Amino acid sequence: MLKWALIFFVISLIAGFFGFSGVSAASASIARILFGIALVIFLIFLVLALMAGSAVL
């Protein structure tokens, strides 16, 4: 998921450099959404791991 967010971020930077502001804005918003989803998934797994670790002890 983070790989795709990074790819869309790079596309956004390249499109912005060449003056394609619409493509740049769309790619940046897709990258932001993918990063947010990856962050939420990470936090869910972190909480689950902490709960499982405390259950073992």
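Me: How is the expected span of a helix defined, and what makes α2 fit it?
Reply: The expected span is 1.5 Å times one less than the number of residues, where helices are DSSP runs (H or I, at least four residues) numbered from the N terminus. Helix α2 (residues 21–56) has 36 residues and reaches 52 Å from first C-alpha to last, close to the expected 52 Å. This is a predicted model, in which local features need pLDDT of at least 70 and side-chain atom pairs pLDDT 80 or more, while totals for chains, interfaces and linings use all residues. Residues are numbered from 1 along each chain as its sequence is written, and side-chain values use heavy atoms, without hydrogens or water.

Me: Why is Phe-9 called partly exposed?
Reply: Buried means under 20% relative accessible area, exposed over 50%, and partly exposed in between (1.4 Å probe, protein chains only). Phe-9, in helix α1, has 43% relative accessibility, so Phe-9 counts as partly exposed.

Me: What makes Trp-4 exposed or buried?
Reply: Trp-4 has 51% relative accessibility and therefore counts as exposed. Phe-8, at 22%, is partly exposed.

Me: Why is the pair of Phe-17 and Phe-18 called edge-to-face?
Reply: Rings of Phe, Tyr and Trp (its six-membered ring) pair if their centres lie within 6.5 Å; planes under 30 degrees apart count as stacked, over 60 as edge-to-face and the rest as tilted. The ring centres of Phe-17 and Phe-18 are 5.2 Å apart and the planes stand at 70 degrees, so the pair is edge-to-face. Both residues, Phe-17 and Phe-18, are exposed.

Definitions and conventions. Helix = DSSP H or I, 4+ residues; strand = E, 2+ residues; numbered from the N terminus.
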